Amino acid sequence: MLKKIFGTVFVRFVCSVIAFVLTIINAKFFQSEGVGTISLFVLGISLLQIFTSFFGSATLVYMLPKHDPFQLIFITYVASFVVNLIGSIIMLIFNIVPIEYAFLFILSAIFVSFFSINSHILSISSYMNINILHQIKRL
């Protein structure tokens with residue numbers, strides 16, 4: 001057990017050191033303007049994911065076992081796409097994200113939200129499969 005604990009601590013320490021070194025290299029390579037642009041890009045995507053999580057996280061987890069999965073997933077994808085598109089346009093109007101990254105920003109936001117929805121779907125389906133296996137074992 002101590003071996004696992006020390007292994008985990010060591011791996012986390014190495015990851016932290018690597019992240020720190022990458023931050024220093026990033027700051028030297030991109031300068032302050034590039035790092036600021038990257039930060040605004042990531043901030044914009046994070047803000048959009050907060051709004052799209054209303055459709056694709058807890059709501060989907062709650063509704064999926066009770067209703068038609070295909071219909072719920074389709075509605076979730078459409079709502080996520082619309083929210084990301086409208087939110088991206090608003091962020092571009094207020095210059096939160098530079099206009100030269102508009103297409104990349106919209107595409108990234110949509111892909112990240114679809115990834116989030118898919119990960120929730122997989123977690124629900126794996127939970128349901130495990131639950132079914134436990135029920136079968138009880139028989």
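1. A starting point in this predicted model is L107, which counts as partly exposed because its relative accessibility is 33%, a value that falls between the 20% limit for buried residues and the 50% limit for exposed ones. L107 has its place in helix 4. Its C-alpha atom is separated by 9.1 Å from that of N84, although the two residues are 23 apart along the chain.

2. For the overall plan, the protein chain holds four helices and zero strands, and from the N terminus on its elements run α-α-α-α. Of the 139 residues in the protein chain, 23% count as buried. The accessible surface of the protein chain comes to about 10400 Å², and 77% of that surface belongs to carbon and sulfur atoms. If one takes the contacts between residues at least 6 apart in sequence, 72% of them join residues that are at least 24 apart.

3. Which residues make up the largest nonpolar core? The core has eleven residues, and they are F41, I45, L48, M91, L92, V97, A102, F105, I106, A109 and I110. The elements that give two or more residues to this core are helix 1 (2-56), helix 3 (69-93) and helix 4 (102-138). Helix 4 gives the most, with five residues. A second core, separate from this one, has six residues, and L64, L72, I73 and I117 are among them.

4. A109, a member of the largest nonpolar core, is a useful residue to look up in the structure. Leaving aside residues up to four places away in sequence, A109 touches I45, L48, Q49, N84 and S88. Of these partners, I45 and L48 also belong to the largest nonpolar core.

5. Is Q49 buried or exposed? Q49, which lies in helix 1, counts as buried because its relative accessible area is 15%, and buried means under 20%. When residues up to four places away in sequence are not counted, Q49 touches N84, A109, V112 and S113. A109 therefore appears again here, with a place in the list of residues that Q49 touches, and residues under 20% relative accessible area are the ones called buried.

6. Helix 3 deserves a paragraph of its own. With 25 residues, helix 3 reaches 36 Å from its first C-alpha to its last, which is close to the 36 Å expected at 1.5 Å a residue. Its buried residues are L72, I73, T76, A79, S80, N84, G87, S88, M91 and L92. Two of these, M91 and L92, are also listed in the largest nonpolar core, while L72 and I73 are included in the second one.

7. T76, which has its place in helix 3, counts as buried because its relative accessible area is 5%. The C-alpha atoms of T76 and T59 are separated by 9.5 Å, and these two residues are 17 apart along the chain.

8. What is the sign of phi at N95, just after helix 3? Phi of N95 is near 60°, a positive value in a residue other than glycine. This deserves a remark because most residues other than glycine have a negative phi. N95 has its place in the loop between helix 3 and helix 4, and it counts as exposed because its relative accessible area is 59%, where exposed means over 50%. The C-alpha atoms of N95 and L40 are separated by 9.7 Å, while the residues themselves are 55 apart along the chain.

9. The last point concerns the surface. F13, V17, I18, F20, V21, L22, I24, I25, F29, F30, I38 and V42 together make a nonpolar surface patch of about 1200 Å². F30, one of the residues in this patch, has its place in helix 1. F30 counts as partly exposed because its relative accessible area is 37%, which again lies between the limits of 20% and 50%.

Terms used: Residues numbered from 1 in each chain as written. Predicted model: local features only at pLDDT ≥ 70, side-chain atom pairs only at ≥ 80, totals over all residues. Heavy atoms only, no water. Core = buried A, V, L, I, M, F, W, Y, C linked by side-chain atoms within 4.5 Å. Buried < 20%, exposed > 50% of the residue type's maximum accessible area, 1.4 Å probe, protein only. Contact = heavy atoms within 4.5 Å. Patch = residues over 30% accessible without salt bridge, like charges linked within 9 Å, V, L, I, M, F, W, Y side chains within 5 Å. Areas by Shrake-Rupley, 256 points an atom, 1.4 Å probe, with all protein chains shown as cover. Salt bridge = Lys/Arg side-chain N within 4 Å of Asp/Glu carboxyl O. Expected span 1.5 Å × (residues − 1).
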